[in-house]
Amino acid sequence: MDNFVVSARKYRPSSFGTVIGQEHITTTLQNAIANNQLAQALLFCGPRGVGKTTCARILAKVINETASKENEGTVLEQNTSFNVYELDAASNNSVEDIRNLVDQVRYPPQRGKFKVYIIDEVHMLSNAAFNAFLKTLEEPPSYVIFILATTEKHKIIPTILSRCQIFDFNRIQITDIVQQLSQICEQENISFEEEALHLIAQKADGAMRDALSLFDMIVTFSPNRSVDYQTTIKNLHILDYDYYFKATEYLRLEDTANVLLLFDEILKKGFDAHNFIVGLCEHFRNLLVCKDAQTANLLEVSESVKAKYVEQAQQAEVSFLMTALNIGNQCDLNYKSSKNQRLHTEIALLKMCYVNSAIALAKVDQEKKKTG
């Protein structure tokens, strides 16, 4: 049996042109190399799985390749990877580890022009290790470039930050993740549904690595190598959009019986009441967004699901959605402190059921006051 390579490694970008969603970073780095204006210390910050270490490795490779071209015409020097050193600061965070690093820095590269040091999770260094690193980071030898990567910039001391050129990586947009996953499906001959890819992208929360891991899991689960909507919601334990559409319709029509029965069905499927009420509030938010054609583009779902949102948004009044959203938000805030959390959620749902009636009564009272 051949060794399986996960998609996060198999489709890891190998050049700046294949990095997804970080054009502001890749363009700046390419221009810096082209103009010979690359700083001696770079700090890559951002959430997990957005390409910090990948960009650091690509940058190290490009630096060595560019230097080799300058020195030897068009012939690239072999084994330039010997000039790239990776250090995991999570397990090498002591003063002694940094002193060993500083000692290595003193020696120029035997082959090539630059030595590139990639220090991952640099925020894990101790304060003493940071202080031991300060002088070398500020004035390294001309042949050394440091690339630091971290998910928690706020934990890095200011004296380190002031010595680095800081690059803030963005969370990858859902549309970019969906496009990448669809391209992988085409290359691997995997059939897919767009709604399923959108769910994976939403669950990944802007991290491409997480999206690819979820994608691999769903493909492995499927007997016919496909990524369909039902399989995805089952594996990711996500509540189907249809439940929120049904719940909103029942609430709007003041159908209390069906609302409570639907809520009971959701609980029997193993979903948490808190997650349901949070999801319902997000559903109300999406309906409000769809009220205006300009803001409808803020909805990061497939076109078929967006059409459902637009249709239901036309039927629901803004006053109903705003009031129901406020009730749901209060339920969310007080959920953990409630002794009977199911009852707490049911009361919120029943309040939402009678929002339209309460608004109608308020209008009648206002008219009476005006005429009286």
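# Exercises on a predicted model

K52 is buried yet takes part in no salt bridge, and E121, the nearest side chain of opposite charge, is 6.1 Å away. The exercises below concern a predicted model.

## Exercise 1. The surroundings of K52

Determine which helix holds K52, and describe what surrounds this residue.

Solution.

Step 1. K52 belongs to helix α3, which covers residues 52-72.

Step 2. A salt bridge requires a side-chain nitrogen of Lys or Arg within 4 Å of a carboxyl oxygen of Asp or Glu. For K52, the nearest side chain of opposite charge is that of E121, at 6.1 Å, and no salt bridge is present.

Step 3. A polar atom of the K52 side chain lies 3.3 Å from the backbone oxygen of G46.

Step 4. With neighbours within four places in sequence left aside, the contacts of K52 are F44, C45, G46, P47, A149, T150, T151 and F169.

## Exercise 2. The geometry of helix α2

Check whether the span of helix α2 agrees with a rise of 1.5 Å a residue, and locate the buried residues of α2 around its axis.

Solution.

Step 1. Helix α2 comprises 12 residues, 23-34, and at 1.5 Å a residue it should span 16 Å. The C-alpha atoms at its ends are 16 Å apart, so the two values agree.

Step 2. I25, T26, L29, A32 and I33 are the buried residues of α2.

Step 3. Viewed down the axis of α2, these buried residues fall within an arc of 130°, and they therefore line one face of the helix.

Step 4. The general rule is that an α-helix has 3.6 residues a turn, so residues three or four places apart point the same way.

Step 5. After α2 comes N36, which has a positive phi, near 55°.

## Exercise 3. Salt bridges between distant parts of the chain

The structure holds 15 salt bridges. For the pairs R57 and E86, D168 and K153, and R171 and D205, state the N to O distance, the location of the partners and their exposure.

Solution.

Step 1. R57 and E86 form a salt bridge through their side chains, at 2.7 Å from N to O. R57 is in helix α3 and E86 in strand β2 (residues 84-88), so the pair ties together parts that are 29 residues apart in sequence. R57 is partly exposed at a relative accessible area of 34%, and E86 is partly exposed at 45%.

Step 2. The side chains of D168 and K153 meet at 3.3 Å, N to O. D168 is in strand β5 (residues 165-168) and K153 in the loop between β4 (144-150) and α6 (158-161), so that this pair links distant parts of the chain, 15 residues apart. D168 has a relative accessible area of 40% and is partly exposed; K153, at 29%, is also partly exposed.

Step 3. The salt bridge of R171 and D205 has an N to O distance of 3.5 Å. R171 lies in the loop between β5 and α7 (174-187), and D205 in the loop between α8 (194-204) and α9 (208-221), 34 residues apart. R171 is partly exposed at 44%, as is D205 at 43%.

Step 4. Salt bridges also join D264, K268, R342 and E346 into a network.

## Exercise 4. The environment of A41

Classify A41 as buried or exposed, and list its contacts.

Solution.

Step 1. A41 is part of strand β1, residues 41-45.

Step 2. Buried means under 20% relative accessible area. A41 has 1% relative accessibility and therefore counts as buried.

Step 3. Residues up to four places away in sequence not being counted, A41 touches L137, F146, R163, C164 and Q165.

Step 4. The C-alpha atom of A41 is 9.8 Å from that of L161, although the two residues are 120 residues apart along the chain.

How values were computed
Residues numbered from 1 in each chain as written. Predicted model: local features only at pLDDT ≥ 70, side-chain atom pairs only at ≥ 80, totals over all residues. Heavy atoms only, no water. Helix = DSSP H or I, 4+ residues; strand = E, 2+ residues; numbered from the N terminus. Expected span 1.5 Å × (residues − 1). Buried < 20%, exposed > 50% of the residue type's maximum accessible area, 1.4 Å probe, protein only. Arc of directions from axis to C-beta. Lys, Arg positive; Asp, Glu negative; His and termini not counted. Polar contact = N/O pair within 3.5 Å; in protein donor to acceptor, adjacent residues only side chain to side chain. Contact = heavy atoms within 4.5 Å.
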